[in-house]
Amino acid sequence: MRVVLLGAPGAGKGTQAQVLVERLGFIHIATGEILRAAVREQSPLGIQVQAMMASGQLVPDRLMIALVEERLQQAGDRPCLLDGFPRTLAQAEALTQAGIKLDQVVHLAVPEAVLIRRLSGRRVHRPSGRLYHIDYQPPRVADRDDITGEPLNTRPDDDEATIRQRLMIYQAQTVPLIAYYQQQALQGRTRYVALEANQPAVAVSAQLLALFPQQTA
Ligand code: ADP
Ligand code: AMP
C-alpha cells in the first residue's frame, strides 16, 4: 500500500501523517523532514540543500527522486505514506516510470489565506517532529512540548516572505500534479480523492481514515 498526501505547505500533511502512522502503521516518508535532518547533521546532502530550503526553493528533482526511491526500497512491502513528494511533474513521472504503483493520492485542499495563518503559527518539537499551532493546536504549556516539556521551535522557512515564496512555487510546480493524478485515476492506475481540509484536524482525520477501512479493521 502506497499513499501520497498532496497539498500546499500548511495543508496539514504532517499532522495527518502522524495520525495515519499511529493508527494504521504507515511508514512516513516526509521529504522535508529528511532534508531538515540532513541539514542539522550537516551531511553532504544537508550542506548542499540548506540555502535552497532556507529561501523556500525546491531541491533539484534528481536528488529528491534518488532519495525517495531509496526509502521506498528500504520499506519493501510495508505500507508507505509519501508526504511532500512528489512536488513536481518530473518527480511524479519518475515514480510512474520506475513502475512504483500508488494506491491512493489524497489532496488536502485548503484556501491560501488559511495556509498563511497555519504556517505563521506553526511550532515544532524538533526531536520528535510533533506539530503544534499557537491558536489551533496549542501545547498545554506555552512553547513547550506536551510530552517532554522541551522548548518548541519555529521553522526558519515559516517567516512571511518565505511562506509567500513557497506558496507561489506550490501553485506553479505542484498544482499541476492534481490534474496528473486525476488523469492517472481515470486510467485506473491509482485512486485520487480531494478532501475538504479547511476543517479541524480531527474532522480531516476522520475523512482520511475512512479511506482505509480494510486497514482500520
Ligand atoms: P504541512 O505538513 O502540510 O506543511 P502541517 O501538518 O505542518 O502542514 O500543518 C501546518 C500548521 O497547521 C501546523 O501548525 C498544524 O498544527 C496546523 N494544522 C494542521 N492541520 C490543521 C487543521 N485541520 N486545522 C487547523 N490547524 C491545522
Ligand atoms: P516541507 O517540510 O514539505 O514543507 O518541505 C520543506 C522544504 O524542503 C521545501 O520548501 C523544499 O525546499 C524542500 N523539499 C521537500 N520536499 C521536496 C521535494 N519533493 N522536492 C523538492 N524540494 C523539496
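Trainee: Which side chain of opposite charge is nearest to Asp-83, and how far away is it?

Mentor: Side chains of opposite charge can pair when their charged atoms come close. Keep in mind that we're reading a predicted model here. In this case the nearest candidate is Lys-13, 4.9 Å away. A salt bridge needs the nitrogen and the carboxyl oxygen within 4 Å, so Asp-83 is left without one, even though Asp-83 is buried.

Trainee: Where does Asp-83 sit, and which side chain does the Asp-83 side chain contact?

Mentor: Asp-83 belongs to strand E3, residues 80-83. As for a partner, the Asp-83 side chain makes a polar contact with the side chain of His-28, at 2.8 Å.

Trainee: On to the ligands. Which residues come nearest to ligand 1?

Mentor: Start with the shell, then look at individual atoms. Ligand 1 has 18 residues around it, and Gly-10, Thr-15, Arg-122, Tyr-132 and Gln-199 come nearest. By residue class, that shell has eight nonpolar, seven polar and three charged members.

Trainee: Which atoms of the protein lie by the oxygen and nitrogen atoms of ligand 1?

Mentor: Check whether the backbone or a side chain is involved. Arg-122 places a polar side-chain atom 2.6 Å from a ligand 1 oxygen. With Gly-14, a polar backbone atom is 2.8 Å from an oxygen of ligand 1. Ala-201 also uses its backbone, with an N or O atom 3.1 Å from a nitrogen of ligand 1. Taken on its own, ligand 1 has 560 Å² of accessible area, and the protein covers 93% of that. Helix H1 (13-24) and strand E6 (130-133) are the elements giving two or more residues to this shell.

Trainee: And ligand 2: how many residues surround it, and which are the closest?

Mentor: There are 15, with Thr-31, Arg-36, Gln-57, Gly-84 and Gln-91 the closest. They split into six nonpolar, five polar and four charged residues across the shell. Helix H2, residues 31-41, gives the most, with four residues.

Trainee: Which polar side-chain atoms lie by ligand 2?

Mentor: Two arginines and a glutamine are worth clicking on. Arg-36 has a polar side-chain atom 2.9 Å from an oxygen of ligand 2, while Arg-155 has one 3.0 Å from an oxygen. For Gln-91, the polar side-chain atom lies 2.9 Å from a ligand 2 nitrogen. The protein covers 96% of the 480 Å² of accessible area that ligand 2 has on its own.

Trainee: Back to charges, then. How many salt bridges does the structure hold?

Mentor: Eight. One of them brings back Arg-36, which pairs with Glu-33 at 3.0 Å between the closest N and O atoms. Both residues are in helix H2, three apart, or about one turn. Glu-33 counts as partly exposed because its relative accessibility is 31%.

Trainee: What about Glu-160 and Arg-164: how far apart are they in helix H7?

Mentor: They're four residues apart in helix H7 (residues 160-174), so about one helical turn separates them. Their side chains meet in a salt bridge at 3.1 Å, N to O. Arg-164 is partly exposed, at 42% relative accessible area.

Trainee: And are Asp-157 and Arg-155 buried or exposed?

Mentor: Both are buried. They form a salt bridge, with the closest N and O atoms 3.0 Å apart. When bridges share partners, follow them from residue to residue. Here that joins Arg-122, Arg-155, Asp-157, Asp-158 and Arg-166 into one network. Two names should ring a bell: Arg-122 lies by ligand 1, and Arg-155 lies by ligand 2.

Technical notes
Residues numbered from 1 in each chain as written. Chains lettered and ligands numbered in written order. Predicted model: local features only at pLDDT ≥ 70, side-chain atom pairs only at ≥ 80, totals over all residues. Heavy atoms only, no water. Near = heavy atom within 4 Å. Polar contact = N/O pair within 3.5 Å; in protein donor to acceptor, adjacent residues only side chain to side chain. Areas by Shrake-Rupley, 256 points an atom, 1.4 Å probe, with all protein chains shown as cover. Nonpolar A, V, L, I, M, F, W, Y, C, P; charged D, E, K, R; others polar. Buried < 20%, exposed > 50% of the residue type's maximum accessible area, 1.4 Å probe, protein only. Lys, Arg positive; Asp, Glu negative; His and termini not counted.
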